[in-house]
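Biologist: Could you walk me through this one, and tell me what lies behind each label you use? I would like to hear the reasoning as well as the verdicts.

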Amino acid sequence: MDSGQRLGDFGSQAVALGDLDGGGALDALVGNSSSLRDALGTTSRDEPNTVWLNDGAGHFTDSGQALGNSHTRYAALGDLDGDGDLDALTDSERGGQVWLNDGLGNFTSSRQDLSHASDCASAIGDVDGDGDLDIVAGCLERTTRVWLNDGTGDFKTTQR
């Protein structure tokens, strides 16, 4: 049954679910591409990614955060900095971005340049067996890249 909820008025291409604020319910990170066009097809603008918090009964509230740029194609959640909460990875045509969570669902940019991870389908997992989450980014017309985490959410690409 459709709940009737709409998580924004934007065209979205990515959604990731996880307990972002420590409240015990699945919250949503929505990767947006642009605002929806009006009936005449004349309105379109870039919209940032948004975080929606779940009250535990399946009702979502916009947290008011604007995470970076639009045109997000992929979003993933995982504890990227080893502090016990879910951080976010978003990939768009403007570059891969890592967003660090304070444990209450408030995100800040790590300000890393993951430009080689742009416009990709990415996965996070511990690929080098050191106990932290790394990034593997497979891109159209580019070589798949492996970004290794130093355990604090700082990523370095492997070049071979």
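Modeller: Gladly. Strand 6 and strand 7 run antiparallel, with three bridges joining them. Please keep in mind that this is a predicted model.

Biologist: What makes strand 6 and strand 7 a pair?

Modeller: Pairing asks for at least two bridges. Strand 6 and strand 7 are joined by three bridges, so they pass that cut-off. Within this pair, Thr90 stands opposite Gln97 in strand 7.

Biologist: And what is on the other side, between strand 5 and strand 6?

Modeller: Six bridges, again with the strands running antiparallel. Here Thr90 of strand 6 is the bridge partner of Ala75.

Biologist: In what order do the four strands of the open sheet come?

Modeller: The order is 5-6-7-8, with antiparallel pairing. At the end of that order, strand 7 (residues 97-101) pairs with strand 8 over three bridges, and Asn101 has Phe107 as its bridge partner in strand 8.

Biologist: Why are strand 5 and strand 8 called edge strands?

Modeller: Strand 5 (72-78) and strand 8 (107-109) each pair on one side only. As for the geometry of this sheet, neighbouring strands are turned by 25° against each other on average, direction ignored.

Biologist: Why is strand 6 described as largely enclosed?

Modeller: A residue is buried when its relative accessible area is under 20%. In strand 6 (residues 87-92), six of the six residues are buried, so the rest of the structure largely encloses this strand. Both faces share in that: Asp87, Leu89 and Asp91 point one way, Ala88, Thr90 and Ser92 the other way, and all are buried.

Biologist: What makes strand 3 largely enclosed?

Modeller: Four of the five residues of strand 3 (residues 50-54) are buried, so it is largely enclosed by the rest of the structure. Strand 3 runs antiparallel to strand 4 (residues 60-62), with three bridges between the two, and Trp52 stands opposite Asp62. The two strands form a hairpin with five residues between them, and Gly56 in the turn has a positive phi of about 100°.

Biologist: How do you know that Asp27 has no salt bridge?

Modeller: A salt bridge needs a side-chain nitrogen of Lys or Arg within 4 Å of a carboxyl oxygen of Asp or Glu. For Asp27, the nearest side chain of opposite charge is Arg6, 18 Å away, so the rule is not met. Asp27 is buried all the same, and its place is in strand 2 (residues 27-35). Leaving out residues up to four places away in sequence, Asp27 touches a set of residues including Asp19, Asp21, Trp52, Asn54 and Phe60.

Biologist: How many salt bridges does the rule give?

Modeller: Two. In one of them, Arg6 and Asp2 have their closest N and O atoms 3.4 Å apart, so the 4 Å limit is met. In the other, Asp154 and Lys156 meet at 3.1 Å, N to O.

Biologist: Why is Arg6 called exposed, and why is Asp154 called partly exposed?

Modeller: Exposed means over 50%, and partly exposed covers the range between that and the 20% limit for buried. Arg6 is at 57% relative accessibility, so it counts as exposed; Asp2, its salt-bridge partner, is at 55% and is exposed too. Asp154 has a relative accessible area of 28%, so it is partly exposed, whereas Lys156 is exposed at 53%.

Biologist: What makes Gly103 partly exposed?

Modeller: Gly103 is at 22% relative accessibility, so it counts as partly exposed. Gly103 is found in the loop between strand 7 and strand 8. Leaving aside neighbours within four places in sequence, its contacts are Leu20, Asp21, Gly22 and Asp85. Gly103 and Leu20 are 83 residues apart in sequence, yet their C-alpha atoms are 6.9 Å apart in space.

Biologist: What does the whole chain look like in numbers?

Modeller: The chain has twelve strands and zero helices. Of its 160 residues, 40% count as buried. The accessible surface comes to about 8300 Å², of which 50% belongs to carbon and sulfur atoms. Among contacts with a separation of 6 or more, 36% are between residues 24 or more positions apart.

Technical notes
Residues numbered from 1 in each chain as written. Predicted model: local features only at pLDDT ≥ 70, side-chain atom pairs only at ≥ 80, totals over all residues. Heavy atoms only, no water. Axes fitted to C-alpha atoms, helices over the stretch in contact; angles between N-to-C directions. Buried < 20%, exposed > 50% of the residue type's maximum accessible area, 1.4 Å probe, protein only. Lys, Arg positive; Asp, Glu negative; His and termini not counted. Contact = heavy atoms within 4.5 Å. Areas by Shrake-Rupley, 256 points an atom, 1.4 Å probe, with all protein chains shown as cover.
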